[in-house]
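Here are my notes on the model you sent over. I've kept them short and numbered so you can check each one against the viewer.

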Amino acid sequence: HIAFNLMWVAQLAPLVHKFYGFSKLVIIYILSGVAGAIATALAGVYLTGVLKGSQLSIGASGAVFGLMGALIACGQQSGSKVLKDTIWQYAIVGFVYGLIMPNVDNWAHFGGFLGGFLMPYIGWLSYKQKETVAHYVFALVLILASLAALAASIWKGFFIWHLFG
């Protein structure tokens, strides 16, 4: 699964970088991952049965689907039918794969996709908007927040391990 996500990032990130720029790539990637995590957490709490989400979600596929969503939005905004249709094909393959494979967090895929698709419609994150210092500062804040969250989860795991291990 990790290799699959890395392959998608290697394919999609250069395109997002080309159309949006580096700082907006970081913003879209991280916030799409957050949107995916929120979607799966909400589905885990409020839905039941086959629609129930996961109580724990790991991986980067929500963020990967966010990159697809942002590229589809770029295709729609720019009028590039080729970009929009090509990335839609990737997304459909990803969604179908998620439905047929066991233990795939489809809510993270959906939430990440929706987040990545909607963000470029915020004028500040549109592909038409040139990158500014504010974009770079916000991207840096998101990177630092991600590192802090990672450190906190490692610390919590370490604490629980020692407490109960």
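1. Overall size first, bearing in mind that this is a predicted model. A compact globule of 165 residues would have a radius of gyration near 15 Å, and the protein chain comes in at 17 Å, so the two agree. Along the principal axes, the C-alpha atoms fill a box of roughly 55 × 40 × 30 Å.

2. On secondary structure, you'll count 6 helices and 0 strands in the protein chain. Read from the N terminus, the order is simply α-α-α-α-α-α.

3. Now for the contacts. Take those between residues at least 6 apart in sequence: 75% of them join residues at least 24 apart.

4. As for inside versus outside, 35% of the 165 residues count as buried. The protein chain exposes about 9,800 Å², and 74% of that is supplied by carbon and sulfur atoms.

5. One residue to click on is V9, which sits in helix α1, residues 2-20. Is V9 buried or exposed? Neither, quite: its relative accessibility is 24%, and buried means under 20% while exposed means over 50%, so V9 counts as partly exposed.

6. Who does V9 touch? Setting aside its neighbours within four places in sequence, V9 is in contact with P14, Y29 and V64. For a distance check in your viewer, try V9 to G123: these residues are 114 apart along the chain, and their C-alpha atoms are separated by 24 Å.

Methods: Residues are numbered from 1 along each chain as its sequence is written. This is a predicted model: local features need pLDDT of at least 70, side-chain atom pairs count only at pLDDT 80 or more; totals for chains, interfaces and linings use all residues. Side-chain values use heavy atoms; hydrogens and water are left out. Helices (H or I, at least four residues) and strands (E, at least two) are DSSP runs, numbered from the N terminus. Buried means under 20% relative accessible area, exposed over 50%, partly exposed in between (1.4 Å probe, protein chains only). Contact means heavy atoms within 4.5 Å. The radius of gyration is taken over C-alpha atoms; the globule rule is 2.2 Å times the number of residues to the power 0.38. Accessible areas come from the Shrake-Rupley method with a 1.4 Å probe; for residues, only the protein chains shown count as cover.
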